[in-house]
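The following note collects points for a colleague's review of the structure shown below. The points begin with the core and then turn to the sheet, its helices and the aromatic residues.

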Amino acid sequence: MLKRFGMGIIVKMPDFLFVPLASKVVNSILDKYADLHVHGLEEIKNEEGPFIFIGNHLSNADGLIVDRIIRNIYDPYYIAGVKLDDKALTYLGARLLKTINIVPNTADKESLNKIVKEVKSGQNIVMFPEGTRSRTASMIEAKKGVLLIARLTKAKIVPFGLIGTEKLMPINDTDMGAEHFENAKVDVVFGKPITLPTKEKGEDKHEYDDRALTYIMKSVANLLPDSYKGVYKD
């Protein structure tokens, strides 16, 4: 699909050439392979933001799928780990999407300050709290960074569930020059906005963080079939 020669030319283009061409490439891929179905979005359109959108993570196509659905409404920033792999679609997405890079598992104060500043100014963000794609399509334990961002911004959290993107773009494809796509039904299910739970009297920080993280991740899991819920299955 994305040949090495073609990618070699595209990656060297300045943004004014890259953006329309890469957008055309990505849209043609999604139009051809993704049978996309969106659920629940209408129910949150009247809610006041800004929002932190959080969802499960199945493939390198996830951000592009979500962006296709919500860009014209929410124009979000995407929070991404700086160690993105070098697959072609990942590279295209990193330049096409509005991205704030953050160093995983560190106190990346510069990036955190930028995220908080943008959200407090009214910008929306999208996060995949698991921090990496699931290798089995089932949810894995999330990182606690989402709690810090939610606490500092006081933004509402909108959960969304992805179903089928791991079939659209199988995870075992590792060759940048030979990304592989399959025809797949893809469902994106949005839930109603939630906020962090209140800390209970006598509850220590560790206990509260564990409970709060489980609560918000189960709000994602509840939008998914049981086979996708993984560690957040009741």
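1. A nonpolar core is a set of buried Ala, Val, Leu, Ile, Met, Phe, Trp, Tyr and Cys residues joined through side-chain atoms within 4.5 Å. In this predicted model, the largest such core has 72 residues. Phe53, Ile70 and Ile216 are the residues with the most contacts inside that core.

2. On confidence, the pLDDT of the protein chain averages 88, and 86% of the residues score at least 70. Residues 173-178 fall below 50 in pLDDT, yet this stretch has 14 contacts in the model beyond near neighbours in sequence. Any reading of those 14 contacts should be made with the pLDDT below 50 in view.

3. In overall composition, the protein chain comes to 9 helices and 7 strands. Of its 234 residues, 50% are buried. Among contacts between residues at least 6 apart in sequence, 75% join residues at least 24 apart.

4. The 7 strands of the open sheet follow the order S1-S7-S6-S2-S5-S3-S4, and the pairing is mixed. Strand S1 (34-39) and strand S4 (99-102) are the edge strands, each pairing on one side only. From one strand to the next, the twist averages 25°.

5. The pairing at the S1 end of the sheet deserves a residue-level description. S1 and S7 run parallel and are joined by 6 bridges; Ala34 stands opposite Ala184 in S7. By contrast, strand S6 (residues 156-163) and strand S7 (residues 184-190) pair in the antiparallel sense, over 4 bridges. Three positions illustrate the S6-S7 register: Gly161 has Val189 as its bridge partner in S7, Leu162 has Val188, and Ile163 stands opposite Asp187.

6. S6 also pairs with S2: the two run parallel and are joined by 5 bridges. Within that pairing, the bridge partner of Phe51 in S6 is Lys156.

7. How many residues of S6 and of S7 are buried? In S6, 7 of the 8 residues are buried, so the strand is largely enclosed by the rest of the structure. In S7 the count is 6 of the 7 residues, so S7 too is largely enclosed.

8. Two helices may be placed against the sheet. Helix H5 (residues 109-120) lies across strand S3 (77-81), S4 and strand S5 (125-127), and runs at about 150° to S4. Helix H6 (residues 145-153) lies across strand S2 (51-55), S5 and S6, and its direction is at about 165° to S2.

9. Phe53, named above among the residues with the most contacts inside the largest core, has a well-defined set of neighbours. Leaving aside residues up to four places away in sequence, Phe53 touches Ile44, Ile70, Tyr74, Asn124, Ile125, Val126, Met127, Val158, Phe160 and Phe190.

10. The structure holds 7 aromatic pairs. One of them joins Phe51 and Tyr74: the ring centres are 5.8 Å apart and the planes stand at 75°, so the pair is edge-to-face, an assignment that requires planes over 60 degrees apart. Phe51 lies in strand S2 and Tyr74 in helix H3 (residues 62-74), so the pair ties together parts that are 23 residues apart in sequence. Both residues fall under the 20% limit for burial, with relative accessibility of 1% for Phe51 and 10% for Tyr74.

11. Ring pairs extend beyond that example. Phe51, Phe53, Tyr74, Phe128, Phe160 and Phe190 are linked by such pairs into a cluster. Phe53 touches three of the other members, namely Tyr74, Phe160 and Phe190.

12. Val66 offers another view of helix H3, in which it is found. Is Val66 buried or exposed? At 0% relative accessibility, Val66 counts as buried. Not counting residues up to four places away in sequence, Val66 touches Tyr78, Val126, Phe160 and Leu162. Leu162 is 96 residues from Val66 along the chain, and their C-alpha atoms are separated by 8.9 Å. Leu162 is also the residue whose bridge partner in S7 is Val188.

Notes: Residues are numbered from 1 along each chain as its sequence is written. This is a predicted model: local features need pLDDT of at least 70, side-chain atom pairs count only at pLDDT 80 or more; totals for chains, interfaces and linings use all residues. Side-chain values use heavy atoms; hydrogens and water are left out. pLDDT is the predictor's confidence in each residue, from 0 to 100. Contact means heavy atoms within 4.5 Å. Two strands pair if DSSP finds at least two bridges between them. Axes are lines fitted to C-alpha atoms, for helices over the stretch in contact, and angles run from 0 to 180 degrees between N-to-C directions. Buried means under 20% relative accessible area, exposed over 50%, partly exposed in between (1.4 Å probe, protein chains only). Rings of Phe, Tyr and Trp (its six-membered ring) pair if their centres lie within 6.5 Å; planes under 30 degrees apart count as stacked, over 60 as edge-to-face and the rest as tilted.
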